[in-house]
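The paragraphs below are meant to be read with the structure open alongside, moving from one residue to the strands around it and then to a pair of helices.

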Amino acid sequence: MRLKANKGDHGAQANPRRIRLVLLHDHVLFRESLARLLAAERDFELLAECSTPSEALKILRTSKVDVLLVDLGMAREFIPCARKARYRGKSLVVAREIDATASALVLKCGASGIFVEPDSSSRLIQAIRRIANGEAWVDQRVIQLLAERFPQYEDRWWGGLTERERTVLNGVVDGFSNRKIGTQIGVSESTIKAALQQLFNKAGVRTRSQLVRIALAGPPIPSSNARQERSTGA
């Protein structure tokens, strides 16, 4: 494990919006090159480069981390362990290649996004910033492969949505902000927020990341009203 030196309280106060990162990856050359890339961004603070889950867990328990970057091969087991250790930050999974089954599993485990390594470094920087801001990021190639591999999920999810809700959901999955979605379809940001709240209610979730996981990795969770209706036989 390689810990990064603190740049000092003065620097942290001068830029209070820096995103605190931990990198967990077992490929040393990739890990070191990615660490250099992240260190070059003024709004990023890389706390540690870790090669093993135990090293990363130690950092997550003792430091405030905004985004964990974790290798796909480790993510399925590590993300639940991080949650048990009371890690409340976001997780961006870095995949060496597109794997629909593994991608679906890590999304179900709580990943906020999936980035495929062959994509550009600028896209990775963009993905980290969006996830830190509470949005979701899933590579479009992963989305397409999931749709092809698990078509039944799409049928079960889309059936109960209005046309506007489907459009908003597509925008959320693509990682767009409410404002950008509204601009694309010609409605106000408040209208998008209302549609997004309806999607949250129908899916039984509370965040954009949870909504993306439901949309990509499985059928929607029944809302409390739906569960009550089923239990009463309505």
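In which helix does Arg31 lie? In this predicted model, Arg31 belongs to helix α2, which spans residues 28-39. Although arginine carries a charged side chain, Arg31 has a relative accessibility of 11%, and because the cut-off for burial is under 20%, Arg31 counts as buried. Apart from neighbours within four places in sequence, the residues in contact with Arg31 are Leu23, His25, Asp26, Glu49, Cys50 and Ser51. One of these, Ser51, is 20 residues away from Arg31 along the chain, yet the C-alpha atoms of the two residues are separated by 8.3 Å.

The surroundings of Arg31 lead to the strands that α2 connects. Strand β2 (residues 19-24), helix α2 and strand β3 together make a β-α-β unit, and this unit is right-handed. β3 covers residues 44-50, and its pairing with β2 is parallel, extending over 6 bridges. Within that pairing, Leu24 stands opposite Cys50 of β3, and Cys50 is also among the residues that Arg31 contacts.

β2 has a further partner in strand β4 (residues 67-71), to which it is joined by 4 bridges, again with the two strands running parallel. Here Leu24 stands opposite Val70 of β4, so that Leu24 faces a residue of β3 in one pairing and a residue of β4 in the other, each assignment following from the bridges that define paired strands. How many of the 6 residues of β2 are buried? The number is 5, and β2 is therefore largely enclosed by the rest of the structure.

From β4 the sheet can be followed onward to strand β5, since the two strands run parallel and are joined by 5 bridges, a number that meets the requirement of at least two bridges for strands to pair. The bridge partner of Asp71 in β5 is Val94. Between these two strands the chain passes through helix α4 (residues 72-84), in a β-α-β crossover that is right-handed. Strand β5 occupies residues 90-95, and as 5 of its 6 residues are buried, β5 too is largely enclosed by the rest of the structure.

β5 also pairs with strand β6 (residues 113-116), in the parallel sense and over 4 bridges, and in this pairing Ala95 has Val116 of β6 as its bridge partner. The connection from β5 to β6 runs through helix α5 (residues 100-109) and is likewise a right-handed β-α-β crossover.

Farther along the chain, helix α9 (residues 163-173) and helix α11 (residues 189-203) have axes that come within 9 Å and cross at roughly 90 degrees; the two helices are therefore roughly perpendicular to each other. On the α9 side the contact is made by Arg164, Glu165, Val168, Leu169 and Val172, and on the α11 side by Thr191, Ile192, Ala195, Leu196, Gln198, Leu199 and Lys202. Taken together, the residues of this contact comprise 7 nonpolar, 2 polar and 3 charged.

These elements can finally be placed within the chain as a whole, which contains 13 helices and 7 strands. Of its 234 residues, 44% count as buried, and among the contacts between residues at least 6 apart in sequence, 63% join residues at least 24 apart.

Technical notes: Residues are numbered from 1 along each chain as its sequence is written. This is a predicted model: local features need pLDDT of at least 70, side-chain atom pairs count only at pLDDT 80 or more; totals for chains, interfaces and linings use all residues. Side-chain values use heavy atoms; hydrogens and water are left out. Buried means under 20% relative accessible area, exposed over 50%, partly exposed in between (1.4 Å probe, protein chains only). A crossover is right-handed if, with the strands pointing away from the viewer, the path from the first strand over the helix to the second runs clockwise. Axes are lines fitted to C-alpha atoms, for helices over the stretch in contact, and angles run from 0 to 180 degrees between N-to-C directions. Angles under 35 degrees count as roughly parallel, over 145 as roughly antiparallel, 65 to 115 as roughly perpendicular and the rest as oblique. Contact means heavy atoms within 4.5 Å.
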